[in-house]
Amino acid sequence: HSLYIQQQQQQQQLNIRKTSTMTSRRTKTMREQKSSSSDDNNNNNSMTDQKQTILTPLYRGVSMLHIGQISLALKKSGVTLGCLNVIGGPLMAVGLLFLLSNAAEQKHLAKDTFLRLNGLMVLYATLTLGLVALVPQLSSTYGLLYFVSGSSALFVAVKGYFAGLRAADDVTTFWQKTGQLLKQASRTSMSLPSGKSSLGHYCTLWLVAVRK
């Protein structure tokens, strides 16, 4: 009888050891999975941030193209009323690109404000290319620079918009977010601003519309 009791005790100890071993293995596996998931998230965030910072020199390069466009116009016509009207659009684009380059450098392209600014740059560049198609002047230096600056602005603004969408915290699709921003823009354009932020969006939106 005592031998039977000893065997039972040994069997219980073996079962306890097996249970503790399995528990420790499961805990270790769960930790490894959590660590792997955390590493993946960190890598994804790092890649997203890197895609934003890469856009910084692109924004600045496109702004330099617009500055060259302004310089050519001033050199050709001087400071006249007609010249000031011509350089108004590129001058506005330089300001928007400067803001977007700083936002990309600070990894803020996911914010709604800079998503809207990228959207406005897409609108501006599309209208610019539309004017080039209607009145082709690619034989002249100014016309060629006008086309190149518009194409480059469209390219970098689209990349900036998608980089901002990928970095956004809220999980929304392209169409959902774009529709939301368009609704906000329509409300901003049709109603009087109520604060400093709304005033900035209101003025920027109508400035693009008036210039083009």
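Helices are taken here as DSSP runs of H or I of at least four residues, numbered from the N terminus. By this criterion, S63 is placed in helix α1, which covers residues 2-77. The structure described is a predicted model.

The secondary structure of the chain amounts to six helices and zero strands, so that the order of elements from the N terminus reads α-α-α-α-α-α. Of the 212 residues in the chain, 27% count as buried. The accessible surface comes to about 13,800 Å², and carbon and sulfur atoms account for 61% of this area. Among contacts between residues at least 6 apart in sequence, 70% join residues at least 24 apart.

Several residues document the pairing of helix α1 with helix α2, the latter comprising residues 81-105. On the α1 side, S63 has a relative accessible area of 10% and is therefore buried, the limit for this class being under 20%. Beyond its neighbours within four places in sequence, S63 is in contact with V94 and L97. The C-alpha atoms of S63 and L97 are separated by 6.0 Å, although these residues stand 34 positions apart along the chain. A further C-alpha separation, of 8.6 Å, is found between S63 and P90, which are 27 residues apart in sequence.

P90 itself lies in helix α2 and counts as buried because its relative accessibility is 2%. Its contacts, leaving aside neighbours within four places in sequence, are with H66, Q69, I70 and Y124. Of these partners, Y124 is one of the buried residues of α3. S101 is likewise placed in helix α2. With a relative accessibility of 1%, S101 counts as buried, and outside its neighbours within four places in sequence it is in contact with T56, Y59 and R60.

R60 also takes part in the one salt bridge that the structure holds. Side chains of opposite charge can pair when their charged atoms come close. In this instance the partner of R60 is E105, and the closest N and O atoms of the pair are 3.0 Å apart. The salt bridge links distant parts of the chain, as E105 belongs to helix α2 and R60 to helix α1, 45 residues away. Both participants are partly exposed: the relative accessible area of E105 is 38%, and the relative accessibility of R60 is 37%.

The loop between α2 and α3 contains K107. This residue adopts a positive phi of about 60° although it is not a glycine. K107 counts as partly exposed, at 38% relative accessibility.

Helix α3 comprises residues 112-134, and its 23 residues should span 33 Å at 1.5 Å a residue; the C-alpha atoms at its ends are 33 Å apart, in agreement with this expectation. The buried residues of α3 are F114, L115, L117, N118, L120, M121, Y124, A125, T128 and V132. An α-helix has 3.6 residues a turn, so residues three or four places apart point the same way. Spacings of this kind occur in the buried set of α3, which includes L117, M121, Y124 and T128.

In soluble globular proteins, nonpolar side chains tend to be buried together. The largest nonpolar core of the model has 21 residues, of which L55, Y59, L100, L109 and M121 touch the most other members. Two or more residues are given to this core by each of α1, α2, α3 and α4, and the largest share, seven residues, comes from α2. The surroundings of L100 illustrate this packing: apart from neighbours within four places in sequence, L100 is in contact with Y59, L109, F114, L117, N118 and M121. Another core, of eight residues, lies apart from the largest one, and its members include A73, V94, V132 and Y146. Of these, V94 is also a contact of S63, and V132 is among the buried residues of α3.

At the surface, L138, L144, F147 and V148 make a nonpolar patch of about 300 Å². L138 lies in the loop between α3 and α4, the latter helix covering residues 141-167. With a relative accessible area of 42%, L138 is partly exposed.

Terms used. Residues numbered from 1 in each chain as written. Predicted model: local features only at pLDDT ≥ 70, side-chain atom pairs only at ≥ 80, totals over all residues. Heavy atoms only, no water. Expected span 1.5 Å × (residues − 1). Buried < 20%, exposed > 50% of the residue type's maximum accessible area, 1.4 Å probe, protein only. Contact = heavy atoms within 4.5 Å. Areas by Shrake-Rupley, 256 points an atom, 1.4 Å probe, with all protein chains shown as cover. Patch = residues over 30% accessible without salt bridge, like charges linked within 9 Å, V, L, I, M, F, W, Y side chains within 5 Å. Salt bridge = Lys/Arg side-chain N within 4 Å of Asp/Glu carboxyl O. Core = buried A, V, L, I, M, F, W, Y, C linked by side-chain atoms within 4.5 Å.
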